[in-house]
Amino acid sequence: MDRVIIFDTTLRDGEQAAGGTLNIQEKLEIARQLERLGVDVLEAGFPISSPGDFDAVRLIAKEVRTPVICALARAHPDDIDRAWEAVKQAKHPRLHVFLSASDIHLLYQLKKSREEILEMSRGMVARAKKYTDDIEFSPMDASRTEPEYIYQILEAVIDAGATTVNIPDTVGYAIPAEFGSLIEGVFQNVPNINRAIVSVHCHDDLGLAVANSLESLKRGARQVECTINGIGERAGNASLEEVVMAIKTRRDFFNLTTNINTTQIYKTSRLVSELTGFSVQPNKAIVGANAFSHEAGIHQDGVIKMPITYEIMDPRTVGIPASSLVLGKLSGRHAFKERLAELGYSLSEEDFNRAFTAFKELADKKKEITDKDIESLIAEELRTGSEVYHLDRVQVSCGDRGIPTASVKLTTADGQVLADAALGTGPVDAVCKAINRLVGVPNVLTEFTVKSVTEGIDAIGEVLIRIESEGVTYTGRGADTDIIIASAKAYMNALNRLLAAKRVAG
Ligand code: KIV
Ligand code: ZN
């Protein structure tokens, strides 16, 4: 088989990244985009971990019909039953069962013997198999486990019904040649391996997740587990866009293909960054702001003469918009709609009308509206679509004399209007305090970042705020040409997410 199965775990391992919590609507939006991207398997969550995760997996299983929808479960009966309950409505459901395999985990964490682990693995795969045919099994911390023991486990779980066996480098410890040998060893030493797909799941603690994944493909693995922008637990997972573009760009070397529609990569990356609040570093391969920009004179000269001189990929293949056509206040509905379509957005009539009003307001303040402005504006509109409290007005007075003062007006979904004012150490502090007086949920602001979307004095400022409440971090974003307003929107967004999570948890 020369096609690689792309297993996306952005919504499960990716969401495990500190501060990366998504609400249910955001998860569904990302899942729909992953479907457009063409992922083969979409790991939607870990249903037993929280009621919110359970609901998200159930909703995605119902709504997203093309990819296999996968739910994660520990090798424990309650986990498996709960995972099945969440994923059973999927058109193509998969249960993914995992259990630690390394002596380090067995000794210090599970306090179980190898025999017990082998038996649990076999028994729990058999239990999952009663629900569905498509079963994946992962011996956790495989890269630090004695290979002979991994072979034994894999043989047992395949006999019990596993159709995919995944080799995780859970702590990102492996080195490509060594990890490749482990994969080769699996093919040589597991007698029934021809009855299962061999998968890999690599973490990036040593910056080797993509290299380890690609080496595994050379040695016969045919499923790669990865995330958009490489987000995930600690240093993250193998980045989907890097794995896919390496396979595509170096077809001569790998002789493999994927089902991914690469022109959706950039849009997916932006969406995940926007909703998780994790910025993409400018020099990030494939999707970073500088990935296709040439600064050195010699390089620019070469690219103008013939792009292939310094460009190994055409930016259009990953969906980076070719034109940087600029709109302005004279642009009408038609031009705006066309630009949205070119950028890959298809909004409902209602969302489009709201976005167009916001576009006109922005055009009054800013002479030229670029693609980046439009992306920021649409993200702002989508954020305010499902709010508990809507920020209606903000008024601030500040300067080098006097005490910064803010008054705010909020509206609720059922039409209540609330207003209050507060003093602060600065204008942003005053705004947050005024909002807190109305919302009344204890929280601590842990991060505050401002960045400008484009150049120029009239640029849109994007603010990212993280707040913590009862040990959980919530991220909020806001965009406006006025950074105090952008901060108020970001704070409101973080609070709305906190409130929505509390409602789900009951
Ligand atoms: O890193 C890991 O081992 C995992 C497993 C659940 C596959 O995420
Ligand atoms: Zn992982």
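The legends below describe close-up views of a predicted model.

**View 1. Strand β4 is buried along its length.**
Strand β4 covers residues 93-100. Eight of its eight residues are buried, so the strand is largely enclosed by the rest of the structure. In a regular strand the side chains alternate between the two faces of the sheet. Pro-93, Leu-95, Val-97 and Leu-99 point one way from β4. Arg-94, His-96, Phe-98 and Ser-100 point the other way. Both sets are buried.

**View 2. Strand β3 pairs with β4.**
Strand β3 spans residues 68-74 and pairs with β4 in the parallel sense. Six bridges link the two strands. Ala-73 has Val-97 of β4 as its bridge partner. Between β3 and β4 the chain passes through helix α3, residues 77-87. This β-α-β crossover is right-handed.

**View 3. Strand β5 pairs with β4.**
Strand β5, residues 135-140, runs parallel to β4. Six bridges join the pair. Phe-98 stands opposite Ser-138. Ser-100 stands opposite Met-140. Five of the six residues of β5 are buried, so β5 is largely enclosed by the rest of the structure.

**View 4. Strand β6 pairs with β5.**
β5 and β6 also pair in the parallel sense, here over two bridges. Phe-137 stands opposite Val-165 of β6. The route from β5 to β6 goes through helix α6, residues 147-160. That β-α-β crossover is right-handed.

**View 5. Eleven named residues are not all alike around ligand 1: the shell mixes nonpolar, polar and charged residues.**The shell comprises Arg-12, Asp-13, His-96, Phe-98, Ser-138, Met-140, Asn-166, Pro-168, Thr-170, His-201 and His-203. Three of its residues are nonpolar, six are polar and two are charged. β4, β5 and β6 each supply at least two residues of this shell. β6 covers residues 164-169. His-96 and Phe-98 of the shell belong to the set on β4 that includes Arg-94 and Ser-100.

**View 6. Polar side-chain atoms lie by the oxygen atoms of ligand 1.**
Which distance separates the side chain of Thr-170 from an oxygen atom of ligand 1? An N or O atom of the Thr-170 side chain is 2.6 Å from such an oxygen. For Arg-12, a polar side-chain atom lies 3.0 Å from an oxygen atom of ligand 1. For His-203, an N or O atom in the side chain is 3.0 Å from an oxygen atom of ligand 1. Taken alone, ligand 1 exposes 260 Å². The protein buries 95% of that area.

**View 7. Asn-255 and Glu-470 have positive phi values.**
Most residues other than glycine have a negative phi. Asn-255 is not a glycine, yet its phi is positive, at about 55°. Asn-255 sits in the loop between α10 (251-254) and α11 (265-276). Glu-470 is likewise a residue other than glycine, and its positive phi is near 50°. The loop that holds Glu-470 runs between β13 (461-469) and β14 (472-480). Is Glu-470 buried or exposed? Glu-470 has a relative accessible area of 73% and is therefore exposed, the cut-off being over 50%.

**View 8. Asp-40 and Asn-259 are far apart in sequence but 7.3 Å apart in space.**
Asp-40 lies in the loop between α1 (24-37) and β2 (41-45). Its relative accessible area is 12%, so Asp-40 is buried. The cut-off for buried is under 20%. How many residues separate Asp-40 and Asn-259 in sequence? The separation is 219 residues. Their C-alpha atoms are 7.3 Å apart.

**View 9. Thr-257 shares its loop with Asn-255.**
Thr-257 is found in the loop between α10 and α11, where Asn-255 also lies. Thr-257 is partly exposed, with a relative accessible area of 23%. Val-244 is 13 residues from Thr-257 along the chain. The C-alpha atoms of Thr-257 and Val-244 are separated by 8.4 Å.

**View 10. Phe-253 lies in helix α10.**
Phe-253 has a relative accessible area of 44%, so this residue is partly exposed. Phe-253 and Lys-218 are 35 residues apart in sequence. In space, C-alpha to C-alpha, Phe-253 and Lys-218 are 9.2 Å apart.

Technical notes: Residues numbered from 1 in each chain as written. Chains lettered and ligands numbered in written order. Predicted model: local features only at pLDDT ≥ 70, side-chain atom pairs only at ≥ 80, totals over all residues. Heavy atoms only, no water. Buried < 20%, exposed > 50% of the residue type's maximum accessible area, 1.4 Å probe, protein only. Helix = DSSP H or I, 4+ residues; strand = E, 2+ residues; numbered from the N terminus. Pairing = 2+ DSSP bridges. Right-handed = clockwise from strand over helix to strand, strands pointing away. Near = heavy atom within 4 Å. Polar contact = N/O pair within 3.5 Å; in protein donor to acceptor, adjacent residues only side chain to side chain. Areas by Shrake-Rupley, 256 points an atom, 1.4 Å probe, with all protein chains shown as cover. Nonpolar A, V, L, I, M, F, W, Y, C, P; charged D, E, K, R; others polar.
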